[in-house]
Amino acid sequence: MKVVQQTVTLLTLKERPIGVWILSGLTAAIGLLIFLSSNSSIDWFGLVCIILANVMIFSSPVKTCQFDKQGNWVIFQQQGWLGTKVIRRPIDQVTEVQVEQLNLFGFKLYRLRLVLFSGELFYLTPIPSTDCRLQQHLAKRIKQFLA
């Protein structure tokens with residue numbers, strides 16, 4: 001995610017999963033080439049590559065998070081091929097902005113989350129990242145905006 005707009009009353013963050021889209025396009029192209037060059041009637045590996053590429057592209061929406069002080073909302077929108085999902089929470093219910101660290105097979109991964117007054121955890125970056133500094137920078141910008 002990166003900051004795309006900031007005013008006194010509005011902070012907008014956006015994430016476009018361009019890397020996933022490029023990877024899925026390459027996977028589809030490789031799968032299609034394998035599928036077409038196969039001598040058998042159906043090449044299962046090529047077919048699996050094409051299906052995997054479709055799953056990757058359909059499950060990688062553009063994510064936008066907007067902090068609106070005037071309307072008192074945190075609006076999280078995921079817009080993808082299969083539709084748009086919008087989640088709204090009152091901005092005054094946000095008690096903390098945290099960078100959560102996960103350990104996966106020896107790798108440290110980080111994701112940004114909001115802690116709400118009710119105890120609910122709201123993840124701004126549902127897919128963890130290896131870039132700790134970026135997550136900490138975003139958390140700092142959000143905290144400064146909310147202060």
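Begin by selecting strands β4 and β5 (residues 83-90), which run antiparallel and are joined by eight bridges. The model on display is a predicted one. Two residues make up the hairpin through which β4 passes into β5. To see one rung of this pairing, display Trp 73 together with Pro 90, its bridge partner in β5.

**The start of β4**

Next, select Asn 72, which sits in the loop between β3 and β4. Although Asn 72 is not a glycine, its phi is positive, at about 60°. The residue counts as partly exposed because its relative accessibility is 28%.

**An aromatic pair**

Now display the side chains of Phe 76 and Phe 122. A search of the whole structure finds one aromatic pair. The ring centres of Phe 76 and Phe 122 are 5.6 Å apart and the ring planes stand at 85°, so the arrangement is edge-to-face. The pair connects distant parts of the chain, with Phe 76 in strand β4 and Phe 122 in strand β8, 46 residues apart. Are these two residues buried or exposed? Both Phe 76 and Phe 122 are buried.

**The sheet β6-β7-β8**

From Phe 122, extend the selection to the sheet around β8. Three strands form an open sheet in the order β6-β7-β8, with antiparallel pairing. Its edge strands are β6 and β8 (121-123), each of which pairs on one side only. From one strand to the next, the twist averages 40°. In general, strands of a sheet pair through backbone hydrogen bonds, in either a parallel or an antiparallel manner.

Colour β7 (residues 107-116) and β8 to follow their antiparallel pairing, which extends over three bridges. One position to label is Val 115, whose bridge partner in β8 is Leu 121. Helix α3 (residues 132-146) packs on this sheet and touches β6 and β7. The direction of α3 makes about 175° with that of β6.

**Gln 98 in strand β6**

Select Gln 98, which belongs to strand β6 (residues 94-104). Which side chains make polar contacts with the side chain of Gln 98? One such contact, of 3.1 Å, is with Glu 96; another, of 2.6 Å, is with Arg 113. With neighbours within four places in sequence left aside, Gln 98 is in contact with Arg 111, Leu 112, Arg 113 and Val 115. Gln 98 counts as buried because its relative accessibility is 19%, and the cut-off for buried is under 20%.

**The loop after β6**

Move to Phe 105, located in the loop between β6 and β7. Phe 105 is not a glycine, yet it has a positive phi of about 55°. With 77% relative accessibility, Phe 105 counts as exposed.

**The nonpolar core**

Display the side chains of Cys 65, Phe 67, Val 74, Leu 114, Leu 124 and Ile 142. These residues have the most contacts inside the largest nonpolar core, which has 19 residues. At least two residues of this core come from each of β2 (10-15), β3 (62-68), β4 (73-80), β6, β7 and α3. Which element supplies the largest share of the core? The answer is α3, with four residues.

Centre the view on Cys 65. Beyond its neighbours within four places in sequence, Cys 65 is in contact with Met 1, Leu 11, Thr 12, Leu 13, Val 74, Ile 75, Phe 76 and Leu 124.

**Strands β1 and β2**

Select β1 (residues 2-6) with β2; the two pair in the antiparallel sense over four bridges. A hairpin of three residues joins β1 to β2. Within this pairing, display Lys 2 and its bridge partner in β2, Lys 14.

**Two aromatic residues of helix α2**

Finish at helix α2, where Trp 44 is found. Trp 44 counts as exposed because its relative accessibility is 58%. A distance drawn from the C-alpha atom of Trp 44 to that of Lys 2 spans 39 Å, for residues 42 apart along the chain.

Phe 45 also lies in α2 (residues 44-58). Phe 45 counts as exposed, with a relative accessibility of 53%. Between the C-alpha atoms of Phe 45 and Asn 103 the distance is 31 Å, and the two residues are 58 apart in sequence.

How values were computed: Residues numbered from 1 in each chain as written. Predicted model: local features only at pLDDT ≥ 70, side-chain atom pairs only at ≥ 80, totals over all residues. Heavy atoms only, no water. Buried < 20%, exposed > 50% of the residue type's maximum accessible area, 1.4 Å probe, protein only. Polar contact = N/O pair within 3.5 Å; in protein donor to acceptor, adjacent residues only side chain to side chain. Contact = heavy atoms within 4.5 Å. Pairing = 2+ DSSP bridges. Axes fitted to C-alpha atoms, helices over the stretch in contact; angles between N-to-C directions. Core = buried A, V, L, I, M, F, W, Y, C linked by side-chain atoms within 4.5 Å. Phe/Tyr/Trp six-rings, centres within 6.5 Å; stacked < 30°, edge-to-face > 60°.
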